[in-house]
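Thanks for sharing this one with me. Here are a few notes to read alongside the model, in the order I went through it.

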Amino acid sequence: MAGPHLRVTSVTVAAAHPKALGAFYSRLLGWPVAAEDPPAPDAPPDGGWVQLRPPEGEIGPTLNIEYDRQYQRPVWPSRKGEQTASQHLDIHVEDLDVAVAWAVEQGAGLDEFQPQDAVRVMRDPDGHPFCLFT
């Protein structure tokens, strides 16, 4: 029996500050904020939910960023007993040095651990790792 047609449409990331993180990824990727929900009544002012979509003509899933009251900055590489990064974004770039400089200018940090020559592990302002690669 053939399975149903399934299509990944978005990736959702938990964050302590979704609006600020959405603004960071919007600047970094050049993606517009497509939708936004205000924080719940018991959430802080920078809680809520933000959705980014690729610009017209680009292909890719949407990126949703949602408030998580219990969010903890992940460690990577993982260490026993600590909050780990269970997923990360891989972002293709043409020039690694230029892309790293751009990411840092937008508010990212270069991670201490760099396991590959053609990849740079970065950290977004909420501590999620993401990889720039050629």
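1. W49 has E66 of strand 4 standing opposite. A second pair from the same strand pairing is L52, whose bridge partner in strand 4 is L63. Strand 3 and strand 4 run antiparallel to each other, with four bridges between them. Do keep in mind as you read that this is a predicted model.

2. On to strand 1. In which sense does it pair with strand 4, and over how many bridges? The pairing is parallel, and six bridges make it up. For a position to click on, try A15, which stands opposite Y67 in strand 4.

3. Putting the strands together gives an open sheet of four, in the order 1-4-3-2, and its pairing is mixed. Strand 1 and strand 2 are the edge strands, each pairing on one side only. On average, neighbouring strands here are turned by 15 degrees against each other, if direction is ignored.

4. Next, the helix packed on these strands. Helix 1 lies across strand 1, strand 2, strand 3 and strand 4. Relative to strand 4, helix 1 runs at about 155 degrees.

5. Now the interior. In soluble globular proteins, nonpolar side chains tend to be buried together. Here the largest nonpolar core has 21 residues, and Y25, F130 and L132 are those with the most contacts inside it. Two or more residues each come from strand 1 (10-15), helix 1 (18-29), strand 3 (49-52), strand 4 (62-67), helix 2 (96-106) and strand 8 (129-133).

6. L132 deserves its own selection in your viewer. Leaving aside residues up to four places away in sequence, L132 touches I91, V93, L96, A99, V100, A103, A118, V119, R120 and M122. R120 is one of these contacts, so to speak a name to look for when you colour the list by residue type.

7. Last, a loop position. G30 sits in the loop between helix 1 and strand 2 (33-37). Is G30 buried, exposed or partly exposed? G30 counts as partly exposed because its relative accessibility is 48%, and the exposed class begins only over 50%. Beyond four places in sequence, G30 touches Y25 and P55; Y25 is also among the residues with the most contacts inside the core. For a distance check, the C-alpha atoms of G30 and E58 are 11 Å apart in space, while the two residues are 28 apart in sequence.

Terms used: Residues numbered from 1 in each chain as written. Predicted model: local features only at pLDDT ≥ 70, side-chain atom pairs only at ≥ 80, totals over all residues. Heavy atoms only, no water. Core = buried A, V, L, I, M, F, W, Y, C linked by side-chain atoms within 4.5 Å. Buried < 20%, exposed > 50% of the residue type's maximum accessible area, 1.4 Å probe, protein only. Contact = heavy atoms within 4.5 Å. Pairing = 2+ DSSP bridges. Axes fitted to C-alpha atoms, helices over the stretch in contact; angles between N-to-C directions.
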